[in-house]
Amino acid sequence: MERHIYLTRHGETDFNLTKRVQDAETPVLTKRGQEHALALKATIETMGVDFDCIICADTKRTRQTLALIFPDYKNMPQVLIDPRNQERLHRGLIGYTKQQIAEAIGVELQGRLSWPLYFEGTDQSVLTNRFPENETIEQIRERVSSLIDEFQNHTNILIIGSSIINHYILEYLIHGSIGKQKAEYPEGNQLDFQSHDEIRVVTLDENMHVTNYKIIQTGQPTTNEE
């Protein structure tokens with residue numbers, strides 16, 4: 001049985017605007033973020049996919065996005081509000097900007113902040129062992145692998161999550177690893193973090209192997225990010 005995973009990201013938040021590390025309940029959608037969610041809604045309706053499972057991360061910004069896409073979601077039995085696809089929790093860094101993190105650790109951060117956060121706990125990140133209260137790669141692997149086990153019971157799965165957790169899902173589906181490498185599909189074509197204006201569609205065969213990957217644009221421009 002072929003499966004299709006539709007990865008979507010919450011709309012822009014006030015923390016995205018100021019480029020700060022987010023927690024589960026403080027950030028809220030901006031007006032533009034609401035427009036991102038409504039563009040997702042329109043694109044999903046145009047696609048005409050019958051989702052037998054809709055998994056929304058248990059954060060304020062993803063629940064707000066879900067409500068704009070599916071106003072009647074509380075009466076939809078296929079909808080799960082699930083903490084397993086919540087963003088990685090960087091407890092010691094909530095509200096910090098890249099500059100503030102660089103000052104705290106005494107190391108200049110090159111490129112996007114998302115990559116040091118993604119690889120925290122490995123030798124690919126300057127954040128290694130500096131914030132022991134943050135969620136570990138092992139904890140991420142446990143919940144992401146459990147979430148992907150859930151996929152085996154469904155055919156068309158819509159994920160409403162965040163950029164980093166969606167990238168862990170991609171890495172696991174494509175490479176079978178978590179926080180070890182940047183996701184590539186096809187081989188040699190490195191994938192960057194998901195924008196607000198994208199639906200990423202991953203096709204899996206009956207053995208849960210990736211057979212196709214594509215991006216659908218919603219037409220609502222995304223926020224520039226680190």
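This note comments on the cysteines, one helix pair and a few backbone features of a predicted model.

1. On the cysteines, a search of the whole structure returns 0 disulfides. A disulfide is a covalent bond between the sulfur atoms of two cysteines. In this model the sulfur of Cys 53 has its closest cysteine sulfur in Cys 56, at 11 Å, and this is too far for a bond, given that a pair must lie within 2.5 Å to be counted as a disulfide. Cys 56, for its part, is in no disulfide either, the nearest cysteine sulfur being that of Cys 53, 11 Å away.

2. Are these two cysteines buried or exposed? Cys 53 has a relative accessibility of 1% and therefore counts as buried, and Cys 56, at 0%, counts as buried as well; the cut-off for that word is a relative accessible area under 20%.

3. On helix packing, α6 covers residues 137-151 and α7 covers residues 163-175, and their axes come within 10 Å and cross at roughly 70°. The two helices are therefore roughly perpendicular to each other, because angles of 65 to 115 degrees are placed in that class. The crossing in which α6 passes α7 is right-handed.

4. Which residues make this contact? From α6 the participants are Ile 137, Ile 140, Arg 141, Arg 143, Val 144, Ser 145, Leu 147, Ile 148 and Phe 151, and they meet Ile 165, Tyr 168, Ile 169, Tyr 172 and Leu 173 of α7. By residue class, the contact of α6 with α7 divides into 11 nonpolar, 1 polar and 2 charged residues.

5. The peptide bond that joins Tyr 185 and Pro 186 is cis, with omega at about -15°. Pro 186 has its place in the loop between α7 and β5, the latter being residues 198-204, so a reader who wishes to inspect this bond may look in the loop that runs between α7 and β5.

6. Two residues other than glycine deserve a remark for a positive phi, and the value is near 65° for Asn 129 and near 65° for Met 208. Asn 129 lies in the loop between α5 (114-118) and α6, whereas Met 208 is found in the loop between β5 and β6 (210-217).

7. As for the surroundings of these two residues, Asn 129 is exposed, with a relative accessible area of 74%, while Met 208, at 14% relative accessibility, counts as buried.

Notes
Residues numbered from 1 in each chain as written. Predicted model: local features only at pLDDT ≥ 70, side-chain atom pairs only at ≥ 80, totals over all residues. Heavy atoms only, no water. Buried < 20%, exposed > 50% of the residue type's maximum accessible area, 1.4 Å probe, protein only. Axes fitted to C-alpha atoms, helices over the stretch in contact; angles between N-to-C directions. Helix = DSSP H or I, 4+ residues; strand = E, 2+ residues; numbered from the N terminus. Parallel < 35°, antiparallel > 145°, perpendicular 65-115°, else oblique. Left-handed = near helix turned anticlockwise from the far one by under 90°. Contact = heavy atoms within 4.5 Å. Nonpolar A, V, L, I, M, F, W, Y, C, P; charged D, E, K, R; others polar.
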